[in-house]
Structures are given as C-alpha cells and as structure tokens.
Amino acid sequence: MLLFDFLTRVYYGVVSPPTIPKKEDDAIRIGLIGASNIAPFAVITPAKSHPGVIVAAIAARESNRAREYAQKYNIPIVHPSYEALIDDPSIDAVYIALPNSHHFEWSLRAVQAGKHVLLEKPCCSNATEAKMLFNHPLVTAPNAPVLLEAFHYQFHPAWQAFLGEIRQSPGAIESVFSQFYLPRLLLGRDDIRFHYSLAGGCLMDVATYCISAIDEAVVATFVTPDSQRVRVQGDMSTAGGWPSFLPASWTKGIPSLRWPKSEVVFKPVLVETTDQNGVQLQHFVTRTITIWNHMLPVLYHRIDTSDFHTLHREEEIVKSWSEVSYKKAYNWPEADERAVFYKDWWSTYRCQLEEFVNRVKGRKGSGIWIDGDESIAQMETIDRTYEKAGLMPRPTSSFEI
Ligand SMILES: NC(=O)C1=CN([C@@H]2O[C@H](COP(=O)(O)OP(=O)(O)OC[C@H]3O[C@@H](n4cnc5c(N)ncnc54)[C@H](OP(=O)(O)O)[C@@H]3O)[C@@H](O)[C@H]2O)C=CC1
Ligand SMILES: O=C1OC[C@@H](O)[C@H](O)[C@H]1O
C-alpha cells in the first residue's frame, strides 16, 4: 500500500497528473512570459489537473523558440513579444519565469495591463525594487491584480504541518537551520544564475528558500496580540549575531546527497521538579523539529519531533533519554475542510496554483498566502547579507512607471 501510494504520488504529482478534459467556462487563461525551464514543472503540469486554469499563450524573445515550446506543451497562442502577450485581452494572468533582473519590470508592466501575476522567486533584484513593486499604486489599489511571489513550498500541507508542530511547542527558539543543495553540475556555465547583471547568485537562487524557511519557522513561534505576522530582521552575522545566515555558495560537482531540510531547536524547557529525599530533581526537555524534503514533499517527506529529556540533580545530569515522533502530511488533516479539495498527489506547485486561482477568484482558499511585506523582507535580508559579506546587492532596474 505504501509503495502504491508513493508511485501514485510520483506519477500524478510529477509525471502525468489526471487531465481535466473540459475546463470551467470561466477558467483563468495564463500566459507564459519566457520559454523557461521551470514553467513545465511550476505551471504547465499543475494546470493539467486544475479545472480553473488554461495555459493559453507563450511569448519568448525568439519566435522560433516560442513556437517550438508551444508545440511541445500544446499551448494555443504564440505571441511575438512579451509586450504582445501582456496586451492580449484574452489573457487573465501571466507567469513570469525570467532572469531575476527582469522580474520587477515585467511584473509591473503586466499589472499595469491588468494581468494577475505569478512571479518567480526571488521577486526582484533587491529590496529597493521589491518596495517599488509591492508598494506601487498599481499593486496596492483596491481592485489591483493579484501579485504572488512563487515560494511554492509554503503552500504544501507538509510545510504547514511543520509550522504547526513549531507553534504547538513550548519555549523559545535556540536556533533555526535550513539547507537546500543544488549540484553545480546541473547548471551550464552560462546559466542565468551565474550572472551578476541578471541578478544571479546563490543567495538569489536556492538560498532564497533557506532564508524564507528560516523566516517562516521563526515567525511561527511569535504570536502578537493582534495575530499579525512579525518579521525577522536577519542578516549574515556569523560572529554570534542572531539570526545568522551562513554564507551561501555554489557547490562544486556532485555533493553527497543531502536532502532539503529545515530544523528548529528549542531552548530546554523545565517540565517538572520533584523532590527525592530532600534532593530536587529537575526534568528538562529540549525539542528539535525537523522537516526533510520540504522542497519536493509529494515524493516523500518526514517531520521529526525529537525530545531530548534530561534529569538534573543540581548541576549533574543523572539520566537522559530521547523520544521521537514522526509525521507526514501529504494532505491537510482528515477533519480539516481543506482536505476535501486537496489531493495527496499534489505537488507544491499544484498547491500554489490552487491558491493563486482562489485569490484571483476571490475565494477563501487554504488561507496560505505570501504577502508583499514578506517578499520585501526577504529581499531586505538578501541585501543585508550581501552587504555584510562585503558583496554588493544586485543592481536596480532603471524601469519606471
Ligand atoms: N520555483 C521553482 O522551483 C524555480 C524557480 N526558478 C526561478 O525561475 C526563473 C527562471 O529560471 P529558469 O526557468 O531556470 O530559467 P531559464 O534559464 O529557463 O530562463 C528563463 C527565461 O529567461 C530568459 N532569459 C534567459 N537568459 C536570458 C538573458 N541572458 N537575458 C534575458 N533573458 C534571458 C529566456 O526567455 P525567452 O524564452 O524569452 O528567451 C528564458 O526562457 C528564475 O527567477 C528562477 O529563480 C527556477 C527554477 C525553479
Ligand atoms: O527550486 C529551485 O531549484 C533549483 C534552483 O536553481 C531554482 O532556481 C529554484 O527555484
């Protein structure tokens, strides 16, 4: 049964989801800006199983490339330029998967044309651009189009279950850790990620997820009186400052296989004090919560809650033991109404598309969202980290509306 479930998730979630033969009449028509490598994973495949989404158009800098892409992925409309696509009145929303340096300009242009925008991470080249984008009157206006930075992993129930474990845990955080490895060999020498002028860099690419994950995990432990999200003011300060982001760097060759992982370690909590013949015994618990593979949880993931117990007699530890519980969350908990709509085989991208569409349609949805403040804070952390490392934040676009 476990193997069957696994194969079903792999097949439907990643290889070939059940295709909806007839889309809803008011399905959102998405146009792809750029014939990107990521669009098949992030939008084209997830859209196949979404009744409310049609991938209707593509535009690339070279028409031949756009035509070939359209043929390969069965996309009906090919536009000769990005401008032509955003001016197409039959298109409701765009997916922007361009080099990071182009995110700001094309998001703003698309919003100006009235299109909803699913924007690849990182949202911009730096915090200056992020503030200009998310605070732009075209974006903040009452009925402005939806603009979402595509931190897909956050939309999956597994990540939310991890945050739930953190919220339920007593005590303060001692440390937070997040890793995501990408073997250098998977990328060509001329990859957009290696160009400063295209706002490339490790911190702009895979490490954005780590920063985002650390922020999410830390935020989960804070509850303000008005339930407002608090933000982490992070930067890279390895000499004891907190939070501290270690320098991100590209790995060379194929590293030992390391799963994406995020982990929170809590400070020890005193759970009980007992008296044994006049000697006090103190029982402490130190909790660690780990999520394995939050980037591709549909294949496999695991959330470990590990409690390390210690019995102290004055300064001495007289006994210690560990208790670990494991959890998986391919869907929301059974009693949760969201479990009715979600499927165990949905990838993070499919979950993200679901919520993007819900937002565009004004539906309640799962409640998971990434707002502009979070996107801005993410870019501020990246900028500060570059600055602390003696490096420069990525250049700001001269584009203006
Ligand atoms: N959410 C996720 O899981 C992932 C997100 N990403 C993000 O998506 C974005 C695109 O990544 P990816 O698909 O790997 O990128 P690609 O290398 O496929 O490039 C995307 C598009 O950018 C345009 N482009 C490429 N090189 C240049 C250049 N030198 N100057 C101007 N435009 C260029 C091309 O558009 P055209 O086709 O018009 O020529 C290309 O199709 C990035 O922001 C990245 O961070 C990437 C991978 C995974
Ligand atoms: O999810 C991802 O995996 C590979 C990266 O290079 C990419 O940009 C990122 O978004």
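For sorting residues by class here, Ala, Val, Leu, Ile, Met, Phe, Trp, Tyr, Cys and Pro count as nonpolar, Asp, Glu, Lys and Arg as charged, and the others, Gly among them, as polar. With that in hand, the shell around ligand 2 comes out at 4 nonpolar, no polar and 3 charged residues. Keep in mind that this is a predicted model. Below are notes on the two ligand sites, two helix pairs and a couple of backbone oddities.

**Ligand 2**

- The residues around ligand 2 are Lys-121, Phe-180, Leu-182, Arg-193, Asp-205, Val-206 and Tyr-209.
- Why does Tyr-209 go in the nonpolar bin? Tyr is on the nonpolar list by definition, so Tyr-209 is counted there, even though an N or O atom in its side chain sits 2.7 Å from an oxygen atom of ligand 2.
- Arg-193 also puts a side-chain N or O atom 2.7 Å from an oxygen atom of ligand 2.
- For Asp-205, a polar side-chain atom is 2.5 Å from a ligand 2 oxygen atom.
- On its own, ligand 2 would expose 260 Å², and the protein buries 80% of that.

**Ligand 1**

- Ligand 1 has 24 residues around it, and the closest are Ala-35, Arg-61, Tyr-82, Asn-100 and Tyr-349.
- Sorted by class, that shell holds 11 nonpolar, 7 polar and 6 charged residues.
- Ala-35 joins in through its backbone: a polar backbone atom there is 2.8 Å from an oxygen atom of ligand 1.
- Tyr-82 uses its side chain, with an N or O atom 2.5 Å from an oxygen atom of ligand 1.
- The side chain of Asn-100 likewise has an N or O atom 2.7 Å from a ligand 1 oxygen atom.
- How much of ligand 1 does the protein cover? Out of the 890 Å² of accessible area that ligand 1 has alone, the protein covers 85%.

**Helices α8 and α9**

- Helix α8 (residues 157-168) packs on helix α9 (residues 206-219) at an angle of about 40°, and their axes are 9 Å apart.
- That angle makes α8 oblique to α9.
- On the α8 side the contact is made by Trp-159, Phe-162, Leu-163 and Ile-166, while α9 brings Ala-213, Glu-216 and Ala-217.
- By class, this contact has 6 nonpolar, no polar and 1 charged residues.
- There's a link back to ligand 2, too: its surrounding residues include Val-206 and Tyr-209, and α9 spans residues 206-219.

**Helices α5 and α6**

- Helix α5 (residues 103-112) and α6 pack at an angle of about 5°, with 10 Å between their axes.
- The pair counts as roughly parallel because angles under 35 degrees fall in that class.
- Phe-104, Ser-107 and Leu-108 of α5 make the contact with Glu-129, Met-132 and Leu-133 of α6.
- The class tally for this contact is 4 nonpolar, 1 polar and 1 charged residues.

**Backbone oddities**

- Heads-up if you're checking omega values: the peptide bond from Lys-121 to Pro-122 is cis, with omega near -10°.
- Pro-122 belongs to the loop between β5 (116-119) and α6 (127-134), and Lys-121 is one of the residues around ligand 2.
- Which residue has a positive phi although it is not a glycine? That's Asn-277, at about 50°.
- You'll find Asn-277 in the loop between β9 (269-276) and β10 (279-292).

Key: Residues numbered from 1 in each chain as written. Chains lettered and ligands numbered in written order. Predicted model: local features only at pLDDT ≥ 70, side-chain atom pairs only at ≥ 80, totals over all residues. Heavy atoms only, no water. Near = heavy atom within 4 Å. Polar contact = N/O pair within 3.5 Å; in protein donor to acceptor, adjacent residues only side chain to side chain. Areas by Shrake-Rupley, 256 points an atom, 1.4 Å probe, with all protein chains shown as cover. Axes fitted to C-alpha atoms, helices over the stretch in contact; angles between N-to-C directions. Helix = DSSP H or I, 4+ residues; strand = E, 2+ residues; numbered from the N terminus. Parallel < 35°, antiparallel > 145°, perpendicular 65-115°, else oblique. Contact = heavy atoms within 4.5 Å.
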